[in-house]
Amino acid sequence: MPAVESNMFPLGKQAPPFALTNAVDGRLVRLDDVKSDVATVIMFICNHCPFVKHVQNELVRLANDYMPNGVSFVAINANDAEQYPEDSPENMKKVAEELGYPFPYLYDETQEVAKAYDAACTPDFYIFDRELKCVYRGQLDDSRPNNGIPVTGESIRAALDALLAGRPVPENQKPSIGCSIKWKPTS
């Protein structure tokens, strides 16, 4: 399956609102529920993609490292679970519990949220400032499956460190690369 790059959501653009079900506990989660006064990280991920599997443990480390500093994290899966049953809400719950996701793992069944964020691949990462304006979009780091580069979260960490220090986030940002979002067939 060919790798797809993220679409690079415009910097400065407001985060589109959402209200999605958390696959772990069944509760409805809104953007306002997870918004942080420091930074909000929104990740489009799934269960089956080898690019996501490659970084899952770092996602947990990253969230655990930055949540004590007031950064919030939320993961969204928009894949068509009928075509990709591994990405069903039941399996999302299993993966989140097995890996100890410290963040909500939301299911975008209608795929409207993924479309609003112009998400193209999994994983796809967005960081919004305290006013929910996009300051970063792109890759976690330079690591990819089988390229020999360790998974460190370096790109996201640099952006979050800049925000926490009150510095501007560098605008030279690389797109994420991963599996395409599995869109539902249009009738």
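Methionine 8 is partly exposed, with a relative accessible area of 23%. In this scheme, buried means under 20% relative accessible area, exposed means over 50%, and partly exposed is the range in between (1.4 Å probe, protein chains only). The residue lies in the loop between β1 and β2 (19-22); helices (H or I, at least four residues) and strands (E, at least two) are DSSP runs, numbered from the N terminus. Phi of methionine 8 is near 60°, a positive value in a residue other than glycine.

The model is predicted: local features need pLDDT of at least 70 and side-chain atom pairs count only at pLDDT 80 or more, while totals for chains, interfaces and linings use all residues. Residues are numbered from 1 along each chain as its sequence is written, and side-chain values use heavy atoms, with hydrogens and water left out.

**Backbone features**

Most residues other than glycine have a negative phi, and most peptide bonds are trans. Leucine 132 also has a positive phi, near 60°. Leucine 132 belongs to the loop between β8 and β9 (134-138) and counts as buried, at 6% relative accessibility. The peptide bond from threonine 122 to proline 123 is cis, with omega near 0°. Proline 123 is found in the loop between β7 and β8 (124-129).

**The open sheet**

Three strands form an open sheet in the order β1-β10-β7, with antiparallel pairing. Its edge strands are β1 (4-5) and β7 (121-122), each of which pairs on one side only. Two strands pair if DSSP finds at least two bridges between them. Strand β10 (residues 177-180) and β7 are joined in the antiparallel sense over two bridges. Threonine 122 stands opposite cysteine 179 in β10.

**Salt bridges**

Side chains of opposite charge can pair when their charged atoms come close. A salt bridge is defined here as a side-chain nitrogen of Lys or Arg within 4 Å of a carboxyl oxygen of Asp or Glu. The whole structure contains nine salt bridges, and the table gives some of them.

| Salt bridge | N to O distance |
|---|---|
| Arginine 27 and aspartate 25 | 3.4 Å |
| Lysine 35 and aspartate 37 | 3.6 Å |
| Lysine 53 and glutamate 86 | 3.5 Å |

Lysine 53 lies in helix α2 (residues 50-66) and glutamate 86 in the loop between β5 (71-77) and α3 (89-99), so the pair ties together parts that are 33 residues apart in sequence. Lysine 53 is partly exposed, at 43% relative accessible area, and glutamate 86 is partly exposed too, at 38%. Arginine 27 is exposed, at 58%, whereas its partner aspartate 25 is partly exposed, at 39%. Aspartate 37 is exposed, at 54%, and lysine 35 is partly exposed, at 31%. In addition, a network of salt bridges links Glu58, Arg61, Asp65 and Arg157.

**Aromatic pairs**

A pair of aromatic rings is described by the distance of the centres and the angle of the planes. Rings of Phe, Tyr and Trp (its six-membered ring) pair if their centres lie within 6.5 Å; planes under 30 degrees apart count as stacked, over 60 as edge-to-face and the rest as tilted. The search finds 10 aromatic pairs in the whole structure. One of them joins tyrosine 117 and tyrosine 126 edge-to-face, with 5.6 Å centre to centre and 75° between the planes. Tyrosine 117 is buried, at 0% relative accessible area, and tyrosine 126 is buried at 2%. Both tyrosines belong to one aromatic cluster with Phe9, Phe44 and Phe128.

**Pocket and cavity**

Rolling a probe the size of a water molecule over the atoms shows where empty space is left. On a 1 Å grid over the protein atoms alone, a cavity is a set of points where a 1.4 Å probe fits but cannot get out, and a pocket is an open set with protein on both sides within 12 Å along at least five of seven lines; lining residues have an atom within 4 Å of a point. Grid points are joined across faces, edges and corners, and a volume is the space filled by probe spheres set on the points.

The largest pocket holds about 180 Å³ of space. Helix α5 (residues 154-164) gives the largest share of its lining, three residues. Among the lining residues are Tyr136, Gln139, Ser155 and Lys174.

The structure holds one cavity of 30 Å³ or more, and the largest cavity has a volume of about 80 Å³. Its lining takes its largest share, three residues, from α2. Residues that line this cavity include Phe51, Pro123, Gln139 and Ile177.
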